[in-house]
Amino acid sequence: MILWDGADTRIAPVATLTRTNVESVMPVRRLGSHMHSRSNLMIHTTRFAGLPAVVWAESKLEQLWMMELDRRADVHRYQSQACVLSWPVGERCILQIPDLLVSCDSGVEIISVRAEDNMGTYARAILTELLPDSLQSHGIGYRVCGAMQRQRTVNLRLLGALRWKAPTIKEPWWVAGSDIRSTKSLGAVSDMFGGGPVGRGRALRALAQCHLDIDLDRPITQASEVVWR
């Protein structure tokens, strides 16, 4: 495994990923740098421990999975293109740069983002056999994330756009509606926050800022069931 902190590189056994501080690592390659690259260089804005942060993404699909990570209560931080994994094969080696390195409650997780229609024979062998076998043998979580349902992508993009509004917990109407945690629908939350278009906007902002969860695979309506965190 090869890591880079922005100044120096470090070569270490892959097992040390379980003790790696994700905050200290930087992307090991410049996205879209290959002359035949189909990558889209994108910036994903997020927050870690309440502080603004920027993570590079190389596709719209990868950015969507970052939005998914933003909604996971167990995720502390993540970085894209955070390390190089190397397997010696005789005098040569196989190199792979995982898409996302994630720090979460259960430890460290690596995610490869690859749509099914972009999974060739070589990529499938690396992403579905070599990577999971290697990482899981060292206690590192791994999964391949492919295309999302269209409705989920619509909801994630909507909530991602609303997330950067002023924090709900600093608003006077948030305190006034402090007993809303007994409510079970988005419509009831909207009513407690003032009702009408204003109340709906406030409820959606609370949803975007992860104060409550909802089924993202269905359209978000006033009747949608919510769960408070």
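Which residue in the turn of the hairpin formed by strand 6 and strand 7 has a positive phi? To find out, start the tour at that hairpin, keeping in mind that the model is predicted.

**Stop 1: the hairpin**

Select residues 85-89, which are strand 6, and residues 92-96, which are strand 7. The two strands run antiparallel and are joined by five bridges. Within this pairing, Pro88 has Cys93 of strand 7 as its bridge partner. Two residues lie between the strands, and the one to pick in the turn is Gly90, whose phi is positive at about 65 degrees.

**Stop 2: the four-stranded sheet**

Next, show strands 5, 8, 9 and 10, which form an open sheet in the order 5-8-9-10 with mixed pairing. Strand 5 (75-80) and strand 10 (141-145) each have a single partner strand, so one side of each lacks a neighbour in the sheet. On average, neighbouring strands here are turned by 20 degrees against each other, direction ignored.

Inside the sheet, zoom in on strand 8 (residues 100-104) and strand 9 (residues 107-113). This pair is antiparallel and held by five bridges. Select Val102 and look across to strand 9, where Glu109 stands opposite.

**Stop 3: the helices on the sheet**

Add helix 1, residues 60-70, which packs on the sheet and touches strand 5, strand 8, strand 9 and strand 10. The direction of helix 1 makes about 165 degrees with that of strand 5. Then add helix 2, residues 121-136, which also packs on the sheet, with contacts to strand 9 and strand 10. Between the directions of helix 2 and strand 10 the angle is about 160 degrees.

**Stop 4: helix 1 against helix 3**

Keep helix 1 on screen and bring in helix 3, residues 150-162. Their axes are 10 Å apart and the packing angle is about 70 degrees. Helix 1 is therefore roughly perpendicular to helix 3. The crossing of the two helices is left-handed.

For the side chains at this contact, select the following:

- from helix 1: Lys60, Gln63, Leu64, Met67 and Glu68
- from helix 3: Arg152, Thr153, Leu156 and Arg157

By type, the contact residues comprise three nonpolar, two polar and four charged.

**Stop 5: a salt bridge**

Side chains of opposite charge can pair when their charged atoms come close. The structure holds 13 salt bridges. One to select is Arg29 with Glu58, where the closest N and O atoms are 2.8 Å apart. This pair links distant parts of the chain, its members being 29 residues apart. Arg29 sits in the loop between strand 2 (9-11) and strand 3 (42-48), while Glu58 belongs to the loop between strand 4 (51-57) and helix 1.

Conventions. Residues numbered from 1 in each chain as written. Predicted model: local features only at pLDDT ≥ 70, side-chain atom pairs only at ≥ 80, totals over all residues. Heavy atoms only, no water. Pairing = 2+ DSSP bridges. Axes fitted to C-alpha atoms, helices over the stretch in contact; angles between N-to-C directions. Contact = heavy atoms within 4.5 Å. Parallel < 35°, antiparallel > 145°, perpendicular 65-115°, else oblique. Left-handed = near helix turned anticlockwise from the far one by under 90°. Nonpolar A, V, L, I, M, F, W, Y, C, P; charged D, E, K, R; others polar. Salt bridge = Lys/Arg side-chain N within 4 Å of Asp/Glu carboxyl O.
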